[in-house]
Amino acid sequence: WNYKGKFDFIFSMESLYYVDSIEDSLSKIYKILKPGGKFYCGTDFYADNKSTTIWADNMKLKMHLYSKQEWKKLFRNAGFMTTTKQIKDSKGNKKWKREIGTLFIIGEKPIGKSSN
């Protein structure tokens, strides 16, 4: 499959932390985005969200746990211009959803770069 530079947007929600190598996955995502394309990655499972850090042990699964800053670094290392946004649910039943929220890491492939 040759999807190099085909996509304007890619979206991942609650899944990237399950892959064997986040670095390899980000590199592949970067390559299939068009210049100026964006990758939106949403996660509730991150080190700054203490209420969710037990998920891997509870589910007995291998999950990569990173802080907000570590996520940003992973994206930057893959070549992305990176921002983050936390989406809070003011009416949510869980305190962390109201106060901390879902972390979105947004990676934009710079214009003028076709591969990493």
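Okay, so let's start with the salt bridge: the side chains of D8 and K34 meet there, at 3.6 Å from N to O. This is a predicted model, by the way, so keep that in mind throughout. The count for the structure comes to one salt bridge. Where do the two partners D8 and K34 sit? D8 is in strand β1, residues 7-13, while K34 belongs to strand β2, so this pair ties together parts that are 26 residues apart in sequence. And are they buried or exposed? D8 has 41% relative accessibility, so D8 counts as partly exposed. K34 is partly exposed as well, with a relative accessible area of 31%.

Right, on to helix α3. This helix covers residues 68-77, and within it W71, K72, L74 and F75 are buried. Those four cover an arc of only 160° around the axis, which puts them on the same side of α3. If you've forgotten your helix geometry, here's a quick reminder: an α-helix has 3.6 residues a turn, so residues three or four places apart point the same way. What covers the buried residues of α3? The list includes α1 (22-32), β2 (33-43), β3 (81-87) and β4 (102-108).

Let's zoom in on W71, which is in helix α3. Its relative accessibility is 0%, so W71 counts as buried. Setting aside the neighbours within four places in sequence, W71 is in contact with quite a list of residues, among them L16, Y17, I22, F45 and Y66, plus L103 and I105. If you want a distance to try on screen, go from W71 to E99: their C-alpha atoms are separated by 20 Å, and the two residues are 28 apart along the chain.

Now the aromatics. How many aromatic pairs does the structure hold? Twelve aromatic pairs. Take F75 and F80: their ring centres are 5.5 Å apart and the planes are at 40°, so this pair is tilted. In general, you describe a pair of aromatic rings by the distance of the centres and the angle of the planes. F75 is buried, at a relative accessible area of 0%, and F80 counts as buried too, at 4%. There's also an aromatic cluster, formed by Y17, Y18, F45, W55 and W96. Did you catch Y17 and F45 in there? They were in the contact list of W71 a moment ago. One more ring to look at is Y30: the charged end of K109 sits over it, 4.9 Å from the ring centre.

Next, some backbone angles. Which residues other than glycine have a positive phi? One is E14, with phi near 55°, and E14 lies in the loop between β1 and α1. Another is K60, also with phi near 55°. You'll find K60 in the loop between α2 (55-59) and α3, and K60 is exposed, with a relative accessible area of 71%. There's a glycine to show you as well: α3 is followed by G79, whose phi is positive, near 110°.

Last thing, confidence. The mean pLDDT of the protein chain is 92, and 96% of its residues reach 70 or more. Where is confidence lowest, and where is it highest? Lowest is helix α4, residues 95-99, at a mean of 87, and highest is α3, at 98. And α3 is the helix we looked at earlier, with W71, K72, L74 and F75 buried.

Definitions and conventions:
Residues are numbered from 1 along each chain as its sequence is written. This is a predicted model: local features need pLDDT of at least 70, side-chain atom pairs count only at pLDDT 80 or more; totals for chains, interfaces and linings use all residues. Side-chain values use heavy atoms; hydrogens and water are left out. Buried means under 20% relative accessible area, exposed over 50%, partly exposed in between (1.4 Å probe, protein chains only). Helices (H or I, at least four residues) and strands (E, at least two) are DSSP runs, numbered from the N terminus. The arc is that of the directions from the helix axis to the C-beta atoms. Contact means heavy atoms within 4.5 Å. pLDDT is the predictor's confidence in each residue, from 0 to 100. Rings of Phe, Tyr and Trp (its six-membered ring) pair if their centres lie within 6.5 Å; planes under 30 degrees apart count as stacked, over 60 as edge-to-face and the rest as tilted. A charge sits over a ring if NZ of Lys or CZ of Arg is within 6 Å of the ring centre and within 35 degrees of the ring normal. A salt bridge is a side-chain nitrogen of Lys or Arg within 4 Å of a carboxyl oxygen of Asp or Glu.
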